Amino acid sequence: ALDLEATIVPVGAHARTPRLTVVSLRDITEERAAAHRQRGLEEQLARTEKLTALGTLAGGLAHDFGNVLAGIAGHAELLALDVEGNASAQESLAQILAGVRRGQGLVDQVLAFARRRPPARRPLRLDVLVAEAVAFIAGRVPPAVTITVTDDGVPPVLGDATQLGQAFDNLVTNALHALGERGGTIVVHLDTLQLEGTGMPADREPGRYARLRIRDTGPGIAKAHLARIFEPFFTTKGAGRGTGLGLAVVHGVIEAHDGMIGVESTPGEGALFTILLPAASAAATRATPTGRDEIPRGAGERVLVVDDEPLVVEATVRQLTRLGYRATGSTDPVAALAQVRADPQQVDAVLTDFTMPVMHGGELAQGVRAVRTDLPLVLMSANLADMPAAERALFAAAVAKPFSATTLAETLDAVLGTRREG
């Protein structure tokens, strides 16, 4: 089809002269197509600018929020050791630690969306993940809403538990918002689906898939909105109730796991979201024995902990002391470097944050390396994925905030173990 612009000009306005009309037509098809492309580029640029700003915000948020969560997690684990015989206290502390993991998941989902962080895939049982997520969500489900889970047998998948757990949480939260105060039912169903090549996307492989379906009895989704439902920043919710990122994050997570997601809805009849994830092979799900039944302990090694957040320093020093290390802490990286320079042999390992005022962790590592090249350096950060490779190479190992005592113990044991053996 052609787009035409018509120009009509009357000629011979004198009363005795027959009135003539000159009509000219101009083909503006390409012009309109170019304008449409230009609008598309402008919209894409606007989205890119939003994502850039979001990425900058997410990086700062990951650091600051990660420090808070690391301190909470550290002190909660220490308290759990002090109340080992108190079942009620242990349950409360378990919920606190679960909340810490969920809090970190909120940061991770923004980072995953804004910077396309690849998932850390491990063998994962979706039935266990769903059960844990539903138990966590239960506290914010209104009395008028019922959530039921049915499982017809679902295969394990290779996935990132944090990202997939957050995706499931986003879908259930979206269903809760759809049901609103009037309530209703959310049905979660797990099963297995065998897909053949016919009709499949070109970038997806046929085979066995784990299928997760979430159906709600809400008002449904308008047909005009279905095509845009996974677009970033698209939301039909009122002010203060949605960012337009929730379903976009879900879509990004499933795509990153080589899966597929779809939505079906008829206004007045609720909505159905379907997720398909490739089933893991038997070889991939076979457990790898570690040969270790207990948390590895230190042998009196001296560890210097450096972080500008006092809560993190205090919790980490106490954890290390419990693990058998002689730990000291500093909230000032400049003072910590001066301490190492004064006597390089007084420290057996340095555990440091990266983003700190005055001197960041990379500068501290370089300063330490200048006086003692064989001193093990361990990086702790809430945003390891965006660390420059050159600075990451200065460290023997890294742990992501918030970290558990087990992760801390295993990391230090790995970097100090060879020294003990030698």
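# Two cavities and two cores

The largest share of the lining of the second largest cavity comes from helix H8, which supplies four residues. That's our way into this structure, which is a predicted model, so keep that in mind as you look around.

Let's stay with this cavity for a moment. It holds about 40 Å³ of space. If you want to find it, look for Ala70, Gly71, Gly74, Val312, Ala315, Thr316, Gln319 and Phe403, the residues that line it. Two elements give two or more residues to this lining: helix H1, running over 29-82, and helix H8, running over 310-322. As for chemistry, the lining of the second largest cavity is an even split, with four nonpolar residues, four polar ones and no charged ones.

How many cavities of 30 Å³ or more does the structure hold? There are two, and the largest has a volume of about 60 Å³. Around the largest cavity you'll find Leu126, Leu129, Leu164, Ala167, Phe168, Leu212, Ile254, Ile275 and Leu277. Here the lining is nonpolar throughout: nine nonpolar residues, no polar and no charged. At least two lining residues apiece come from helix H3 (126-137), helix H4 (161-179) and strand S9 (271-278). H4 is the top contributor to the lining of the largest cavity, with three residues.

Now for the nonpolar cores. The largest one has 39 residues, and within it Phe168, Ile186 and Phe273 touch the most other members. Quite a few elements give two or more residues to this core: H3, H4, strand S6 (184-195), strand S7 (207-216), helix H6 (246-256), strand S8 (260-265) and S9. Which element gives the most to this core? That would be H4, with eight residues.

Phe168 is a good place to pause, since you've met this residue among those lining the largest cavity and again among the residues touching the most other members of the largest core. Leaving aside residues up to four places away in sequence, Phe168 touches Val130, Ala133, Val134, Ile137, Val188, Leu212 and Ile214. Leu212, one of these partners, also lines the largest cavity.

There's a second core too, separate from the one above and made up of 22 residues, including Val303, Val305, Met380 and Phe403. Phe403 takes us back to where we began: this member of the second core is also one of the residues that line the second largest cavity.

Technical notes:
Residues are numbered from 1 along each chain as its sequence is written. This is a predicted model: local features need pLDDT of at least 70, side-chain atom pairs count only at pLDDT 80 or more; totals for chains, interfaces and linings use all residues. Side-chain values use heavy atoms; hydrogens and water are left out. On a 1 Å grid over the protein atoms alone, a cavity is a set of points where a 1.4 Å probe fits but cannot get out, and a pocket is an open set with protein on both sides within 12 Å along at least five of seven lines; lining residues have an atom within 4 Å of a point. Grid points are joined across faces, edges and corners, and a volume is the space filled by probe spheres set on the points. Ala, Val, Leu, Ile, Met, Phe, Trp, Tyr, Cys and Pro count as nonpolar, Asp, Glu, Lys and Arg as charged, and the others, Gly among them, as polar. A nonpolar core is a set of buried Ala, Val, Leu, Ile, Met, Phe, Trp, Tyr and Cys residues joined through side-chain atoms within 4.5 Å. Buried means under 20% relative accessible area, exposed over 50%, partly exposed in between (1.4 Å probe, protein chains only). Contact means heavy atoms within 4.5 Å.
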